[in-house]
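I opened the notebook today to look at how the strands pair and where the open space lies. Here is what I pulled up.

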Amino acid sequence: MDYFKGIDPEIMNWVIIPILIFLARIVDVTLGTLRIVFISKGDKLIAPLLGFVEVLIWLVAITQVMQNLSNFVSYFAWAAGFATGNFLGLRIEQKLALGQMVVRVITVESAEDLIERLAGRGYRLTSVDAKGTRGKVNLLFMIVKRKKLKEVIGIIRDYNPNAFYSIEDVRSVSGVEIPEEEVERKITFRKFFPLRKGK
């Protein structure tokens, strides 16, 4: 603790050390939450690196707690940092929107308009005629990037607010997918430079 020379020992023990423990726990638990996410995605590089940094920070934090066993404020800082780290980790994971999702849509109405709109946005899907308890239904399957999930759900709800859909996480997908960003660029390009039909 040479960095804190000249500071009142009481302030050091009851304020600075608990704050450092709190911040360390936030960082290491946040990294731990993200590490679990990358493990679930099958990442073999980022997950181990996050685990290394996570454990290193955890060792620093637990060392400070063990050296200040009589300081109950450190216990609260440890617990508060753990809770805050979980919250931040989940928020960051939501913002990153990693991975892909499978979306299943069941609708009684004809899904031709929905299929055309989704295909026009660059999404690939499979349509199946099925039979439900109340008669014939249309069943759609599609794989979308998680960051595009909100847009897809918006299209589905705009088409039919009563359509039933389910969403599941997908670890890996085989095959080549049309880059949705490329489709968006083409749409924007055509908007400003419409193609003229030949005479």
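**Strand pairing and the pocket**

I began with one cross-strand position: Arg104 stands opposite Phe141 in S3. A reminder to myself is that I am working from a predicted model.

Next I looked up how S1 and S3 go together. They pair in the antiparallel sense, over eight bridges. As a general note, strands of a sheet pair through backbone hydrogen bonds, and the sense can be parallel or antiparallel.

Then I asked in what order the strands form the open sheet. I found four strands in the order S2-S3-S1-S4, with antiparallel pairing. S2 and strand S4 (164-170) are the edge strands, each pairing on one side only. I also noted the turn between neighbouring strands of this sheet: on average 20°, direction ignored.

After that I went looking for space. The largest pocket holds about 270 Å³. Which elements give two or more residues to its lining? I noted strand S1 (100-107), strand S2 (125-132) and strand S3 (135-145). S3 gives the most, with three residues.

I counted up the lining next: it has 15 residues, and Ile106, Thr107, Val108, Arg134 and Val137 lie nearest the centre of the pocket. How do the lining residues divide into nonpolar, polar and charged? My entry reads five nonpolar, six polar and four charged.

To close the page, I put two entries side by side for S3: this strand pairs with S1 over eight bridges, and S3 also gives three residues to the lining of the largest pocket.

Technical notes. Residues are numbered from 1 along each chain as its sequence is written. This is a predicted model: local features need pLDDT of at least 70, side-chain atom pairs count only at pLDDT 80 or more; totals for chains, interfaces and linings use all residues. Side-chain values use heavy atoms; hydrogens and water are left out. On a 1 Å grid over the protein atoms alone, a cavity is a set of points where a 1.4 Å probe fits but cannot get out, and a pocket is an open set with protein on both sides within 12 Å along at least five of seven lines; lining residues have an atom within 4 Å of a point. Grid points are joined across faces, edges and corners, and a volume is the space filled by probe spheres set on the points. Ala, Val, Leu, Ile, Met, Phe, Trp, Tyr, Cys and Pro count as nonpolar, Asp, Glu, Lys and Arg as charged, and the others, Gly among them, as polar. Two strands pair if DSSP finds at least two bridges between them. Axes are lines fitted to C-alpha atoms, for helices over the stretch in contact, and angles run from 0 to 180 degrees between N-to-C directions.
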